[in-house]
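Welcome! Here are some short exercises with worked solutions. Take a look at the structure first, then try each task before reading on.

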Amino acid sequence: MQRSKRWRAWSNASLMRTDDGSQGAAPDEQRLRGIGVSPGIAIGRAFIGDRGPVTVTETAIPETALAAERARFAEAVAQAQKQLRRLKARAAALPGSAPDEIGYLLDAHLAMLANSRLVRGVHQRIASARINAERAVELEIENIAKSFAQMRDSYLAARVEDIRVVGSRLIRNLVKKPYVTYATLDEGAVVLAEEVTPADTALMDPRRIGGFAAVFGGAESHAAIMARALGLPAVMGVAGLATRARSGATVIVDGAQGIVILDPEPATLEAYRARQEALIRERRHLGRLRRLAAVTRDGVEIRLDANLELPVELDQALANGAMGLGLVRTEFLFLNRDDLPDEDEQYEFYAGLVRGMGGRPVTLRTLDAGNDKLPDALASSALPDAANPALGLRAIRLSLKERRLFDTQLAAMLRAAREGPIRILLPMVSSVGEIRRTREALDQVARRLRRRGVPVAEVMPPLGVMIEIPGAALAADALASEADFFAIGTNDLIQYTLAIDRSDEQVAHLYNPLHPGVLRLIEFAVEAAARRRIPIGICGEMAGDPRYAALLLGLGLRELSMSPGNLPRVKHRIRHLDMIAATRRAEAIMDQSDMGRIAALLDDFNAMAELG
Ligand code: PEP
Ligand code: MG
């Protein structure tokens, strides 16, 4: 009971903004370990970011729409149950007492969703008061809270707090609002949350938010990629956060070491401030590389492009000397909204990027929806609950099924192609049929545009595929005969090759880009592309880590695309490399089967290159 209360205190502090920070003497410094997913140091006041209240307005529902409104509420309940079960499954493997604490609470929440007074009450209220579901939830909670308060029982008073938490989850599901509101935060606030989704990170303004830490999530999750994209220091998989964090307390997030320090001692604060300044100096130093070419010591020029998740990164890409955009993840256009972006809105965005890059090529990837990136507008219809969303109807599969959605995106891309060089990239391709069907779709869309009087270039933009499914890498020869270029997506390639969920902190330690199976698939794809003479690049997170640069170049890759913030460090490494030596070292590595030996051979090579 005691343990569950501590977790509850955390949830409630955030739900009801009742700061529980008034506990007397200065609290002791606490160090919590997690997975460092985005380097940098944030120092600021803690904001418990999971459950900011959502403003609800009351709307009258006509008699004829009452059944639909109740169905909408039932859907929100089902969604909440699913969320809670997912959290519970993930909590089960957390270390220490966390599974008990979290499990106990989540069970209580699940019980409140099973034909409970709350759920029945909301259904009745929608029908009798003829009001929208979210307002009915709000009123029902107030009603329950009032009747419990009259009982003056401390146990029941605690239950009311739980009911409020559950009610808030239901309301958020109904209004399809992200779980957090960051607009009113103090500058430099550090967000501490149960879970941070890609949609949440898309709302984080790095000018306001110093960084974040979360109980759930791994280094290759899309939220982690977003954090790196925004330059926000972040740590995920921090089990102890749930029981220890206090809203408003001073907190340090060390995104490189994967450490969160709550209530740091003055000496710790001072040491971290000094490290923060050193990092800023280092960044400035690397910034001077911007205008220099990414060329090895023996004169081989490497193409360094930027990945773009969010529009703010265009400036960063240019500032860090990107030669083009090697991967534009278009998902963010579809997140944090109820509707879908139409052709004009998409066109404006793509054309803006093409113009912004001033003639440098822009690789636009078609929608990679699914798994942890679920646009609300598609959540219920196009993406029904799948047992295995990572293996389900997502990415190119979804696009080819939802042709209207796909055609709209392709039309916007073809229009943007008139503004400058673009390439179209397809996510999660597994067979040549998907490329052929996309080419047919492109031709149809082009014809339709011409009929509408919109001029479209005679020559279609190059159409490429992501190599991110093991079967695609193994069938790279066949795919290379249909595709115009390849982009290796190591994030998913590693996930699917090693059967490791990239966003699951419990298996994060097994996620290893140096696994021989992964390296062989990369080599296989590079060789297939070379045989067919089509360009091949790599745009997974592996490309942005200087540690792997020598190996990737040694395997034959000449195009790397990465988060803009990584460009200077990777360029620095490339300029210290000798291509002939890197190729020999890659050959030696490919003869190994032991990951430890592979890592040693690579790190040793890097250390020598840095010295020489
Ligand atoms: C990848 O899988 O490596 C990739 C670049 O795509 P995303 O991270 O968007 O899935
Ligand atoms: Mg991918």
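**Exercise 1.** How many bridges join strand β5 to strand β6, and do the two run parallel or antiparallel?

*Solution.* Keep in mind that this is a predicted model. Start with the residue ranges: β5 covers residues 209-214 and β6 covers residues 234-236. Two bridges join these strands, and they run parallel. For one pairing, look at F212, whose bridge partner in β6 is A234. Next, find helix α8 (residues 222-230), which packs on the sheet and touches β2, β5 and β6. The direction of α8 makes about 55° with that of β2.

**Exercise 2.** Work out which strands stand at the edges of the open sheet.

*Solution.* First write down the order of the eight strands, β1-β8-β7-β3-β4-β5-β6-β2, with mixed pairing. β1 (30-33) and β2 (35-38) each have a single partner strand, so these two stand at the edges, and one side of each is left without a neighbour in the sheet. From one strand to the next, the twist averages 30°.

**Exercise 3.** Find the protein donors of the magnesium ion (ligand 2) and decide whether they are buried or exposed.

*Solution.* The donors are E468 and D492, lying 2.0 to 2.1 Å from the ion. E468 sits in the loop between β13 and α17, while D492 belongs to helix α19, 24 residues apart. Now apply the cut-off: buried means under 20% relative accessible area. E468 has 2% relative accessibility, so E468 counts as buried. D492, at 3%, counts as buried too.

Definitions and conventions:
Residues are numbered from 1 along each chain as its sequence is written. Chains are lettered from A and ligands numbered from 1 in the order in which they are written. This is a predicted model: local features need pLDDT of at least 70, side-chain atom pairs count only at pLDDT 80 or more; totals for chains, interfaces and linings use all residues. Side-chain values use heavy atoms; hydrogens and water are left out. Donors are N, O and S atoms within 2.8 Å of the metal (3.2 Å for Na, K and Ca); water is not among the atoms, so sites may look incomplete. Helices (H or I, at least four residues) and strands (E, at least two) are DSSP runs, numbered from the N terminus. Buried means under 20% relative accessible area, exposed over 50%, partly exposed in between (1.4 Å probe, protein chains only). Two strands pair if DSSP finds at least two bridges between them. Axes are lines fitted to C-alpha atoms, for helices over the stretch in contact, and angles run from 0 to 180 degrees between N-to-C directions. Contact means heavy atoms within 4.5 Å.
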